[in-house]
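Let us walk through this structure step by step, beginning with how its elements are named and ending with its helix packing.

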Amino acid sequence: MASRRNRRRDPSRVNSATHLEVRNLTKSFYGVPAIDSVDFDLRGGEIHGLLGENGAGKSTLCSVLSGLYKPNSGTVSIDGQAVQFRSPQDASNHGVGMVYQHFRLVDSFTVAQNVVLGMHKRQRPRSMRQVESMVADLAEEFGLHVNPTASIWQLSVGEQQRVEILKQLFRGARILILDEPTAVLAAQETDRLFEAVSTMVAKGHSVVLVSHKMAETMAYTDRITVLRRGVNAGSVTTADTTPAEVARMMFGDSAAAERTNFATAHDIGEPVLSLSGVSVQGDHGLMAVDDASFTVRRGQVVGVAGVAGNGQRELQEVIAGLRTPVNGTIEIAGTDCTTAGPKKTAQAGLAYVPEDRLGVGLAPGLPLEHNIVLKSYDRSPHSRRGVLSNTEIEKTMNKLVEKFDVRGNRSGMRVSLMSGGNLQKAILARELNEDHQVLLAAAPTRGLDMAAAEAVRAHIIEERAKRGVLVFSEDLDEIVKMSDVVLVMFKGRIVGSFASDELDLDEIGLLMTGSGTPDPAIQASS
Ligand SMILES: Nc1ncnc2c1ncn2[C@@H]1O[C@H](COP(=O)(O)OP(=O)(O)OP(=O)(O)O)[C@@H](O)[C@H]1O
Ligand SMILES: [Mg+2]
């Protein structure tokens, strides 16, 4: 953390001139304002954080600024000139570019092809060679390293995000709007992103940064604006404020400070998930999971710490029955599930909250009530003798919406129109509503505002009373806060195992980066 704080840039870099000015901006959907009479200023050379709870209107404000939505009323001006964007293309011509919460790249195209996609012929170089070399130069200039000739599907999430940013810079963006860019990034990638952002503002660009992460917002922004239920709750200079003040602006006086007490005594029961010598072949031929053995018991939260890309996804998938191990056995609540497949694994008692919640098991075009019963519509009480009961389905939905505080849903509205975080909450609610013995949750608080994240952590702890939990998160603090046992994963191996009363954060940090001393007990058992 200290190193980040040291990197905070010199405030004199920021111009006093306003680059982008928003006055009285309102955007409603079906008569309900998502943003309501919002004022907002962005100065030249500034990194401006945009915070607010799930559904507060952050993405909506950004989408108006980038020309995707037309406001119902209010004005936007750039360098003192009033503008009215007819489309994202139009905004782009005025130097405004946005990187969306969910990327919009064509998988089978190359980086360079994606960068010029949708650009008018007159605006882009004639040959792809030329585009490639210009993209390479831009990448070099801003430290956004990526191979211009690679196809999108070959790239990591972090690299794909760089392509999105390069795409905007290529079109001459001077104002960059980044909607939750770090939600999908590993810690090192986040550092690299902020280095690139620093380069941009040093060259006079201005950046709007939407984030749910207080620490990075405090470390990297010059000013912060908080949206609360569509209204601007205040703009403050980062150096003059505190996380507590910002949290109060976001949530009111009930500020969701760290309030869960996780240290309650509880009983530990029988094993509900046991892995013995499990190895999984990765997509590139190497062992993605290498000889993993561990047990989760009823009453326990076992947390897996590790930098993304060290086999966590493959480990989750093999437990969920989506992959078959090349070696070893997996048992769930007494049933051998080594080769059971996803359905039987679920029947044996596993609930799985995958990392890619939007890509797995969500029907974006259907309303919430149908998504909530996607896995249980053919069972009582949601259907009897093949007939769906809308009353029961609605009951389940209302119960979950209330329990998980899912906001912004309207009857019949397709879920893809809900805010990113509320969608996450809805999927979590559905999975946790399934009957299960062990919960496997990957990045359960990703995309959630601080209060919602805290509620989900509390819920996971609550699960522990009756079940076992295996949770993966890149956020070490979160893992440590929730877990009775912390496992560390590096290069496909479980390299450390710590009980909550013997946690050594330094040692865990070293193990996560491959420089610690692996636990001899674990070495011996594997
Ligand atoms: N196209 C749309 N149609 C209908 N309602 C919408 C649309 N876009 C956004 N909304 C609604 O506007 C409100 C604000 O949503 P928005 O996506 O701006 O929130 P957010 O602050 O970005 O939240 P999150 O942190 O969860 O991403 C929500 O209630 C959402 O359901
Ligand atoms: Mg959003």
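Helices and strands are here DSSP runs, with at least four residues for a helix and at least two for a strand, and they are numbered from the N terminus. In these terms, alanine 363 lies in the loop between strand 16, residues 350-353, and helix 12. The model is a predicted one, and the positions and distances that follow should be read in that light.

Alanine 363 is a useful place to begin, since the chain comes back to it: 52 residues separate alanine 363 from valine 415 along the chain, yet their C-alpha atoms are 7.9 Å apart. Leaving aside residues up to four places away in sequence, alanine 363 touches Val415 and also Asn371 and Leu374.

Further along the chain, two backbone features deserve attention. The peptide bond that joins serine 380 to proline 381 is cis, with omega at about 0°, and proline 381 itself sits in the loop that runs between helix 12 (368-372) and strand 17 (383-384). Arginine 385, found in the loop between strand 17 and strand 18 (387-388), has a positive phi of about 50° although this residue is not a glycine.

We turn next to the ligand. There are 23 residues around ligand 1, of which Gly55, Lys58, Thr60, Ser419 and Gly421 come nearest. A polar backbone atom of glycine 421 lies 2.6 Å from an oxygen atom of ligand 1, while a polar atom in the side chain of histidine 212 is 2.9 Å from an oxygen atom of the ligand. Tyrosine 69 contributes a side-chain N or O atom that is 3.2 Å from a nitrogen atom of ligand 1. Of the 640 Å² of accessible area that ligand 1 has on its own, the protein covers 91%.

Last comes the helix packing. Helix 5 (residues 128-142) packs against helix 6 (residues 157-170) at an angle of about 105°, and their axes are 10 Å apart. Because angles of 65 to 115 degrees count as roughly perpendicular, helix 5 is roughly perpendicular to helix 6. Helix 5 makes this contact through Val131, Met134, Val135, Leu138, Ala139 and Phe142, and helix 6 through Leu166, Leu169 and Phe170. Sorted by class, the contact has nine nonpolar residues, with no polar and no charged ones.

How values were computed: Residues numbered from 1 in each chain as written. Chains lettered and ligands numbered in written order. Predicted model: local features only at pLDDT ≥ 70, side-chain atom pairs only at ≥ 80, totals over all residues. Heavy atoms only, no water. Axes fitted to C-alpha atoms, helices over the stretch in contact; angles between N-to-C directions. Parallel < 35°, antiparallel > 145°, perpendicular 65-115°, else oblique. Contact = heavy atoms within 4.5 Å. Nonpolar A, V, L, I, M, F, W, Y, C, P; charged D, E, K, R; others polar. Near = heavy atom within 4 Å. Polar contact = N/O pair within 3.5 Å; in protein donor to acceptor, adjacent residues only side chain to side chain. Areas by Shrake-Rupley, 256 points an atom, 1.4 Å probe, with all protein chains shown as cover.
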